[in-house]
Amino acid sequence: MRRTPFVITAASLALLLPAAAHATVPTAGAAARPAQATPAHATPAPPTFSSAGGRYERPVSLTLRAARGTTIRYTLDGSTPTRADRVFVPGRPLRLTKDTNVTAVAFRGGRASVPVSAGYLVKSREKPLARLVVMSDVHIGDHEKNDKKYESFFDTIGSVFPEPDAILSNGDMINDNGDGRGGDHRIVSEIFRANLERKGMDDTQVLLSNGNHDASLADIRAHYPRAWFPDSGGGYYESNVRGLHLFTVNTETYQSDPAQRAWLKKRLAELTADPANARTPILVQGHRPAPGTAMDGQQASNPQLTKDLAAHPQVIYFSGHSHLNINDERSVHQRDFTAVNDGSMSYVEMDHGYQAITETGLADRFEAPTAQALFVEVYRDRTEIARVNMAADKHDIYTGGKWSADWQPPYASAGTLSGPAWTVRLKGNSPQQIKDAFTYTDARRNKTAPRFTARHPLALTGGGRALRVRQARDDQMVHHYRVDVENARTGTKLLSSKVLSEYYFMPRPNSLDIPLPAMKKGARYVARVRAVDAQGNTSRETTLRFAG
């Protein structure tokens, strides 16, 4: 099996280590060096993995290694290992039989290494009909900030699909805001073509859709190979990817373009009229989400598109635009067809109305400088959609008070998984039977609430200036915490906030230190916290009483 490893490199780890450790960090998956003892006063070097992250067609036997005198602890759920987590026992490899994020930390005395993570997609030898990468919102405007970034991104693509059948770039390749930046498409074309050649993706189709930041259709046509955007004038077209029908729609004009609507409806009707196509997915990409579908319809437009797709449960519609992250289970939605949010390659967003912990305190922050994409495998009886982080290292999107979504590689989180894969099955002999068998419907949303598992979930830290919340557990993910702190005698609110759990970073932190406003000396306070998942399921309340 041809496979390029995920990029957990010596360089990526070196960025996270003290300077004295830089020269001694082996690459994950590389041949093990003789173990050397770590001085008691030094921060341990991070563990290495015997097999690099990537896509495997067999179970993975994984050995973790670290310097003599250290203890390796690991997690398999995306959280950061602590001294309470499982110890890796030398000579007893981990056996990975399903998609897994492995995170490991080396401990020695009171010191711990930086965590290292790798994502493993564990498949059988069954060959898919087609493999596609679906991305959007690359927002490239120059070579300086994007050349190395996209080298890393294409390395990650190659680690999963060494030669994908198609790469869909689903709108907003550039960041034009009516300011004449249409020529930036040339830069995107140069970066993509250079990486396709570098990775040997000679037969990979690239198929583009038009987004609201892509200037004009003429600019797209002028700067990419014709095969990448083979429209007939309206920014929409049909493609064939290894026998699968793929439709690219122009969501900037769909609502007001009767010719485009008639074309799509006619072709879908023709395809689905053939009983042989009843259980074959029909792929559609369009930049903007369709109303009433993924992520509860956030940032959606074109209600006619939802209406036109509704008669065809074979459709899987991929959309971008919102930048909303794909960690969230609401990113896939089924009612009349399947709608999938494809995340963003430039930065991700969370729902508005929440606060994030930053270096300057709580802030109304709904963006993070992380990048994600979908890896789609179409089989005869199902479509598997893996969610992969291109970069999910923890950074604030503001640096020195200035917007910065341009964090440069190497990325310690490249190739980790944003969540379990979604599986779309088309079961039934009629459109209604197919719909009745859908999995990701509103009626079948997860109803399991998060729960706090730590003996003492809340504590004061930082000299009493912050409330430490030890993260709750959930069968999917904790989305945020409802945090209320009030004067126990007067009921006056000191803090009332919905604080994001940082689920979009990899690995996730085990605790959040939430800054507290100034308190009255000697006053008594009570903190009340509930954990909430993406579906709105809420944990029991946990409390802490303390003095100011």
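In which sense do strand 11 and strand 12 pair, and over how many bridges? They pair in the parallel sense, over four bridges. Two strands count as paired if DSSP finds at least two bridges between them. Helices (H or I, at least four residues) and strands (E, at least two) are DSSP runs, numbered from the N terminus.

Before you click further: this is a predicted model, where local features need pLDDT of at least 70 and side-chain atom pairs count only at pLDDT 80 or more, while totals for chains, interfaces and linings use all residues. Residues are numbered from 1 along each chain as its sequence is written, and side-chain values use heavy atoms, with hydrogens and water left out.

**Stop 1: the six-stranded sheet**

Select strands 13, 12, 11, 24, 25 and 28, in that order: they make an open sheet of six strands with mixed pairing. The edges are strand 13 (205-209) and strand 28 (417-424), each pairing on one side only. On average, neighbouring strands here are turned by 20 degrees against each other, direction ignored. For angles, axes are lines fitted to C-alpha atoms (for helices, over the stretch in contact); angles between N-to-C directions run from 0 to 180 degrees.

For an antiparallel pair, pick strand 24 (residues 371-378) and strand 25 (residues 383-391), joined by eight bridges. Val-378 sits opposite Thr-383 of strand 25.

**Stop 2: helix 2**

Now add helix 2, which packs on this sheet and touches strand 11 (130-135), strand 12 (166-170), strand 24 and strand 25. Contact means heavy atoms within 4.5 Å. The direction of helix 2 makes about 150 degrees with that of strand 25.

Is helix 2 (residues 147-160) largely enclosed or open? 11 of its 14 residues are buried, so helix 2 is largely enclosed by the rest of the structure. Buried means under 20% relative accessible area, exposed over 50%, and partly exposed in between (1.4 Å probe, protein chains only). Try colouring the buried ones, among them Tyr-150, Phe-153, Phe-154 and Ile-157.

Got a distance tool handy? Helix 2 should span 20 Å at 1.5 Å a residue, and its end C-alpha atoms are 20 Å apart, which agrees. The expected span is 1.5 Å times one less than the number of residues.

**Stop 3: strand 12 and its neighbours**

Zoom in on strand 12. Five of its five residues are buried, so strand 12 is largely enclosed by the rest of the structure. Ala-166, Leu-168 and Asn-170 point one way, and Ile-167 and Ser-169 the other.

Ile-167 is the bridge partner of Val-133. Follow the chain from strand 11 through helix 2 to strand 12 and you trace a right-handed β-α-β crossover. Right-handed means that, with the strands pointing away from you, the path from the first strand over the helix to the second runs clockwise.

On to strand 13, which runs parallel to strand 12 and is joined to it by five bridges. Here Asn-170 has Ser-209 as its bridge partner. The chain gets from strand 12 to strand 13 through helix 3 (residues 184-198), in another crossover that is right-handed.

**Stop 4: strand 15**

Finally, select residues 244-248, strand 15. Four of these five residues are buried, so strand 15 is largely enclosed by the rest of the structure. Strand 14 (residues 237-241) runs antiparallel to strand 15, with five bridges joining them. The two form a hairpin with two residues between them, and Arg-242 in the turn has a positive phi of about 50 degrees.

Click Phe-247: Glu-238 stands opposite, and so does Val-284 in strand 16. From strand 15 the chain crosses through helix 5 (residues 258-273) to strand 16, again a right-handed β-α-β crossover.
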